[in-house]
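Got your viewer open and your selection tool ready? Let's take a walk through this one together, stop by stop.

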Amino acid sequence: MKDPKTYFIRTYGCQMNELDTEIMAGQLEKRGMTLAASEEECDLLIFNTCSIRDLAERKVMGKLGRMGRGAKRQTLIGVAGCMAMAKKEALFRKFPHLDFVLGTNNLAELGTVIDEVLYSQRQVLRTEDRFVENLDYLGAKREDQVKASVSIIRGCDKYCTYCVVPYTRGEEVSRPPESIVEECRNLVDKGYKEITLLGQNVNSYGKDRPEWSALFHDLLYRLDQISGLERVRFMTSHPVDITRELMEAIRDLRTLCEFVHFPIQAGSNRILKKMHRIYTKEIYLEKVALLREIVPNVSLGTDIIVGFPTETEAEFEETCEALRQIRYSVAFLFAYSPRKGTPAMRWNDDIPEEVKSARLQKLLEIQEEISQEERKQMLGQTVEVLVERFNRDGEHLKGRTRCWKKVIFKGTEAMIGTLQQVTVHGYSHQTLVGEVRTGGAIPLL
Ligand code: SAH
Ligand code: SF4
Ligand code: F3S
């Protein structure tokens, strides 16, 4: 097999996977490889996979199966990401044409794994359970030029009963604060304006390393000092670890945006307990109330799972009620999908798919009504938008407010990467439509 010159990485799953793809791409470019125009024409094809729900895995499995049926094979094929960890060597049995399986904690070894495949002509497996901080973050090949993701903690120790992440990413390992600050400074020097701090549970940051005396909110205060950095966001947080200190940081810090992803998962205490979410609906609601008291203009996002084993109609109604009561500005809604190796697998997946779909549909309708009202309220308001790029229509610019609302408006290329005051005059689907408020808001260029 020849030394690969071009690569293509297909990414599934969450923002952490997107970042891992950028880190892998950086390593491959350092090796002298270039990005191929398409996945059909590359010398090396990597699937950076996700295992969170069955559908996520099925998409990749189908693709891998079809590739094996092509008789000629010059392309080196690898599987990285969470499915690599969930299935390990079973992937080689199922897909004999696969060249390597690289776990989420082995990204730094991508180059050596490729070399090993080339020299040994054998299938290579690397799946370490625990993450060791050894990544070349500064070498990451970034997709965007205005916003960047920075990983601050990997793994998860929460063990929600339905979730594969603690098994596919391992236990929590925080990254040293100096390394995070250095990367953020470097990004700002390159012109980035917004940084999203990533982790499966960012609020646990630093708890595994008490000697650093740097918890999540301490890190946020340090990053706020970086001049030129306009906005900081974070993804994702566990409700239990959303502290008063964090709420006050959102109120007080210039850079920290007023948006919190605050996933409730379910509205019934019995289901929350069975999910091992370690809070009750009452504790959750108290936290939301405190956050709204400290940061009155905060927007909230959530994740919800419907059809968890044994969920009754009345318990589902409690989730509907929570959605109506809390009024999130974004809600990601999922049907429960049993995952191998998780504690919830021991319970029968007893809610029929039609019932799950009907429950999802009902939540979608409730949420749509809330979002519609929220968009109406925005009409006539002027909001601060960080301009990211041209919208797909090629006619408008696209950006987001501090509360993560997407806004499009007419403007010039020079506005990309700047903050603009935009007055909202309409909306289409989820997107607000506005125009730049003239007089002082446009930077002198
Ligand atoms: N660390 C994040 C979750 C990452 S997974 C957090 O705790 O917020 C994103 C979402 O996928 C979860 O919040 C959950 O709503 C959903 N999810 C996870 N496992 C699932 C499963 N087995 N079936 C359906 N949805 C699931
Ligand atoms: Fe999964 Fe729960 Fe950890 Fe989130 S907190 S990654 S849902 S185990
Ligand atoms: Fe999927 Fe793994 Fe992210 S399971 S959602 S890629 S942490």
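Start by selecting glutamate 311. Skipping its neighbours within four places in sequence, you'll find glutamate 311 in contact with Arg270, Ile271, Ile305, Val306, Phe316, Thr319, Ile351 and Arg359. Keep in mind as you click around that this is a predicted model. Glutamate 311 sits in the loop between β13 and α12 (313-326). Is glutamate 311 buried or exposed? Its relative accessibility is 3%, and buried means under 20%, so glutamate 311 counts as buried. Now draw a distance from its side chain to the backbone nitrogen of glycine 307: you should get 2.8 Å.

**Next stop: ligand 1**

Select ligand 1 and show what surrounds it. There are 15 residues around ligand 1, and those that come nearest are Tyr162, Gln200, Gln265, Asp303 and Ser337. Sorted by class, this shell holds seven nonpolar, four polar and four charged residues. Colour the strands β13 (299-306) and β14 (330-335) too, since each of them supplies at least two residues of the shell.

Then zoom in on some polar atoms:

- Aspartate 303 has a polar side-chain atom 2.6 Å from an oxygen atom of ligand 1.
- Arginine 53 has a polar side-chain atom 3.1 Å from an oxygen atom of ligand 1.
- Serine 337 uses a polar backbone atom, which is 2.8 Å from a nitrogen atom of ligand 1.

How much of ligand 1 does the protein cover? On its own, ligand 1 has 540 Å² of accessible area, and the protein covers 88% of that.

While you're here, click on glutamine 265, in the loop between β12 and α10 (269-275). Glutamine 265 isn't a glycine, yet its phi is positive, at about 75°. With 6% relative accessibility, glutamine 265 counts as buried.

**Over to ligand 2**

Now select ligand 2. Around it you'll see Cys156, Lys158, Tyr159, Cys160, Tyr162, Cys163, Val165, Pro166, His238 and Arg277. That shell splits into seven nonpolar residues, one polar and two charged.

**A helix with a buried side**

Select residues 244-252, which make up helix α9, and pick out its buried residues: Leu246, Met247, Ala249 and Ile250. Look along the axis of α9: these four are on the same side of the helix, because they cover an arc of only 155° around the axis. Here's the bit of background: an α-helix has 3.6 residues a turn, so residues three or four places apart point the same way. Next, turn on what covers the buried residues of α9, including α8 (216-224), β11 (231-235), β12 (259-261) and α11 (281-294).

Stay there and click tyrosine 221, which is in helix α8. Tyrosine 221 is partly exposed, at 33% relative accessible area. Beyond its neighbours within four places in sequence, tyrosine 221 is in contact with Glu248, Ala249, Asp252 and Leu253.

**Some backbone oddities**

Find the peptide bond from methionine 235 to threonine 236: this one is cis, with omega near -10°. Threonine 236 belongs to the loop between β11 and α9.

Then go to isoleucine 278, in the loop between α10 and α11. Isoleucine 278 has a positive phi of about 55°, though it is not a glycine. With a relative accessible area of 45%, isoleucine 278 is partly exposed.

**Last stop: histidine 97**

Finish at histidine 97, in the loop between α4 (90-94) and β5 (100-102). Histidine 97 is buried, with a relative accessible area of 12%. Which backbone atom does its side chain reach at 2.8 Å? Check the backbone oxygen of leucine 64: that's the one histidine 97 reaches.

Technical notes:
Residues are numbered from 1 along each chain as its sequence is written. Chains are lettered from A and ligands numbered from 1 in the order in which they are written. This is a predicted model: local features need pLDDT of at least 70, side-chain atom pairs count only at pLDDT 80 or more; totals for chains, interfaces and linings use all residues. Side-chain values use heavy atoms; hydrogens and water are left out. A residue is near a molecule or strand if one of its heavy atoms lies within 4 Å of it. Ala, Val, Leu, Ile, Met, Phe, Trp, Tyr, Cys and Pro count as nonpolar, Asp, Glu, Lys and Arg as charged, and the others, Gly among them, as polar. Buried means under 20% relative accessible area, exposed over 50%, partly exposed in between (1.4 Å probe, protein chains only). The arc is that of the directions from the helix axis to the C-beta atoms. Contact means heavy atoms within 4.5 Å. A polar contact is a pair of N or O atoms within 3.5 Å; within protein, one must be able to donate a hydrogen and the other to accept it, and residues adjacent in sequence count only if both atoms are side-chain atoms. Accessible areas come from the Shrake-Rupley method with a 1.4 Å probe; for residues, only the protein chains shown count as cover.
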